[in-house]
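This briefing is meant to be read beside the sequence and the coordinates. Please keep both open while going through the points below.

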Amino acid sequence: MMICRNDLYKRFFKEFLDLVYPDGNAETRTFLSRLIPIRNSLSHSNPISIRDAERCICYTNDFIEGVKKYFYIKGDERVFNTIH
């Protein structure tokens, strides 16, 4: 996962991902890696469980909320249309 590479995480993603995953890169890697098997199943047209669909929705919503919160804190919520 590119987002979880230590150098890229610290340089580009830490500020907003720490809002969602306060324990840092390890926690980010844990949650996002849970999506890999689901993504693989879907990319090969294999079924997923309802629980897996819920997990995708929840984890991606958490990620998006972190981005929105980051831009709100910076005062750029209107620039990037991330108003809560």
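Followed from the start of the sequence to its end, the protein shows the pattern α-α-α-α, and its secondary structure amounts to 4 helices and 0 strands. The model is predicted, and the values that follow are computed from it.

**Overall dimensions and packing**

- Taken along its principal axes, the C-alpha trace of the protein spans about 40 × 30 × 20 Å.
- The protein has 84 residues, of which 29% count as buried.
- Among the contacts in the protein with a separation of 6 or more, 41% are accounted for by residues 24 or more positions apart.

**Surface and charge**

- The protein exposes about 6,000 Å², and 56% of this area is supplied by carbon and sulfur atoms.
- The protein carries 13 positive and 11 negative charges, and the mean positions of these two sets are 4 Å apart.

**A nonpolar patch and its member in helix α1**

- Leu 19, Tyr 72 and Ile 73 together make a nonpolar surface patch of about 300 Å².
- Of these residues, Leu 19 can be placed in helix α1, which covers residues 6-20.
- Why can Leu 19 be described as partly exposed? Its relative accessible area is 32%, and because partly exposed refers to values between the buried limit of under 20% and the exposed limit of over 50%, Leu 19 falls into that class.
- The value of 32% for Leu 19 also meets the patch requirement of over 30% relative accessible area.

Methods
Residues are numbered from 1 along each chain as its sequence is written. This is a predicted model: local features need pLDDT of at least 70, side-chain atom pairs count only at pLDDT 80 or more; totals for chains, interfaces and linings use all residues. Side-chain values use heavy atoms; hydrogens and water are left out. Patches are made of residues with over 30% relative accessible area and no salt bridge: like charges are joined within 9 Å, nonpolar side chains (Val, Leu, Ile, Met, Phe, Trp, Tyr) within 5 Å. Accessible areas come from the Shrake-Rupley method with a 1.4 Å probe; for residues, only the protein chains shown count as cover. A salt bridge is a side-chain nitrogen of Lys or Arg within 4 Å of a carboxyl oxygen of Asp or Glu. Helices (H or I, at least four residues) and strands (E, at least two) are DSSP runs, numbered from the N terminus. Buried means under 20% relative accessible area, exposed over 50%, partly exposed in between (1.4 Å probe, protein chains only). Contact means heavy atoms within 4.5 Å. Lys and Arg count as positive and Asp and Glu as negative; His and the chain ends are not counted. The place of a charge is taken as NZ of Lys, CZ of Arg, CG of Asp or CD of Glu.
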